[in-house]
Amino acid sequence: MGIRMRSVLVMGVLGFLAIAVIGFASYRLSVNNALNEAQIKSDIVLNYAMATRLYMQRVQRPLALALVEEDRFYPELMSGFVSARGTFEIFEELYPGYIFKQATLDPLNPYNLADRDEVRIIEHFQDNPELTSTQGQLAKNGTDLYYFAQPIRVDREGCLSCHGDPADAPKDQVEIYGDQNGYHWNMNETVAAFVVYIPTAEAIAAAKTLSITLVLIGATGIAIMLFIIGWFLNRDVVNPIVRLAERTESFSFGKNLDEPIDRNAVGEVGTLAQAIERLRISLKKLLQRSR
């Protein structure tokens, strides 16, 4: 294998290795950026839902309690959880794929029943009471999702008026939801979690597309570069060395000693040409003396 092929091969291998590293690094960077963006979105969505719930608790519920009879219960007017979920259902119409859920181990409303993944999240909060949030990635129904969750702990006595003993709960609530589920909660108990799901499949696919595009662009650039380098080596290095080798071989047989070496080459090849030219002159003088 000639010097040209060896040089092109080495540079090609190193170049394509560099492109592979760049492609992988760009993919990881794009995925991390997508997850960071999902985290920001989930934080915004969850805080908006929490703001809706707090507004219900601080403003709307006291007004409703003052206007309706005792033991009456209208979830849409008096439940912060129902209000937050209802608001988000309208939000989902505009941004399909986003999910907000009050995942509960033993809920009043079956809609809020925690699935297997959400049970693990709640149990994680129960095992680590100092945690205020957790996040990660999972798949639901074949869709890749980023989730962000905050625990729901019974931190107010008012919670137990609806979720303590069913005999003490509003009569309308018992009529709507029954008296079997969503009761007998205890103070400071972690009973649920607010969970926001953000779809990441499109962002991950875009990251893959970007990394593949970068690799293809880089591979094309490397191929063009190798062609140019090969042409340069062939013109300025390989062909001049081959010609010098042929002339040197002819000198070894005492041929063409009267034809001077072309010394227009520069760099190392020019230095070699000058050395061979001096060798030609020396051989010519030596042969002339010996005759």
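The exercises below work through a predicted model, each with a stepwise solution.

**Exercise 1. The sheet**

Task: Work out the strand order of the open sheet and find its edge strands.

Solution:
- Step 1. The open sheet has 4 strands in the order E1-E4-E3-E2, and the pairing is antiparallel.
- Step 2. E1 and E2 each pair on one side only, which makes them the edge strands.
- Step 3. From one strand to the next, the twist averages 30 degrees.
- Step 4. Check the E1 edge. E1 (residues 99-104) and E4 (residues 190-199) are joined antiparallel by 6 bridges. Here Thr104 stands opposite Ala192 of E4.
- Step 5. Check the E2 edge. E2 and E3 pair in the antiparallel sense over 7 bridges. Leu138 has Leu145 in E3 as its bridge partner.

**Exercise 2. Helices on the sheet**

Task: Find which strands helix H4 touches, and which strands H3 touches.

Solution:
- Step 1. Helix H4 (residues 116-127) packs on the sheet and touches E1, E2, E3 and E4. The direction of H4 makes about 125 degrees with that of E4.
- Step 2. H3 also packs on the sheet, with contacts to E1 and E4. Its direction makes about 150 degrees with that of E1.
- Step 3. Test the length of H3. Helix H3 (residues 80-94) has 15 residues and spans 22 Å from first C-alpha to last. That is close to the 21 Å expected at 1.5 Å a residue.
- Step 4. Look at burial. In H3, the buried residues are Gly80, Phe81, Val82, Ser83, Ala84, Arg85 and Phe88. In E1, 5 of the 6 residues are buried, so the strand is mostly covered.

**Exercise 3. Met50**

Task: Decide whether Met50 is buried or exposed, and list the residues it touches beyond four places in sequence.

Solution:
- Step 1. Locate Met50: it lies in helix H1 (residues 3-67).
- Step 2. Apply the cut-off. Buried means under 20% relative accessible area. Met50 has 13%, so it is buried.
- Step 3. List the contacts. Leaving out residues up to four places away in sequence, Met50 touches Phe100 and Phe194.
- Step 4. Add a distance. Met50 and Ser83 are 33 residues apart along the chain, and their C-alpha atoms are separated by 10 Å.

**Exercise 4. Aromatic rings**

Task: Classify the ring pair Phe91 and Tyr98, then place the pair in its cluster.

Solution:
- Step 1. Start with the count: there are 6 aromatic pairs.
- Step 2. The ring centres of Phe91 and Tyr98 lie 6.1 Å apart, with the planes at 80 degrees. Planes over 60 degrees apart count as edge-to-face, so this pair is edge-to-face.
- Step 3. Compare burial. Phe91 is partly exposed at 24% relative accessibility, whereas Tyr98 is buried at 13%.
- Step 4. Widen the view. Phe88, Phe91, Tyr95, Tyr98, Phe100 and Phe194 form one aromatic cluster. Phe100 and Phe194 also touch Met50.

**Exercise 5. Positive phi**

Task: Place Asn141 and His184 in their loops, and decide whether each is buried or exposed.

Solution:
- Step 1. Recall the background. Most residues other than glycine have a negative phi.
- Step 2. Asn141 is not a glycine, yet has a positive phi of about 55 degrees. Asn141 sits in the loop between strand E2 (134-140) and strand E3 (143-153). At 83% relative accessibility, Asn141 is exposed.
- Step 3. His184 is not a glycine either, and its phi is positive at about 65 degrees. The loop holding His184 runs between helix H6 (171-177) and E4. His184 is exposed, at 55% relative accessibility.

Conventions. Residues are numbered from 1 along each chain as its sequence is written. This is a predicted model: local features need pLDDT of at least 70, side-chain atom pairs count only at pLDDT 80 or more; totals for chains, interfaces and linings use all residues. Side-chain values use heavy atoms; hydrogens and water are left out. Helices (H or I, at least four residues) and strands (E, at least two) are DSSP runs, numbered from the N terminus. The expected span of a helix is 1.5 Å times one less than its number of residues. Buried means under 20% relative accessible area, exposed over 50%, partly exposed in between (1.4 Å probe, protein chains only). Two strands pair if DSSP finds at least two bridges between them. Contact means heavy atoms within 4.5 Å. Axes are lines fitted to C-alpha atoms, for helices over the stretch in contact, and angles run from 0 to 180 degrees between N-to-C directions. Rings of Phe, Tyr and Trp (its six-membered ring) pair if their centres lie within 6.5 Å; planes under 30 degrees apart count as stacked, over 60 as edge-to-face and the rest as tilted.
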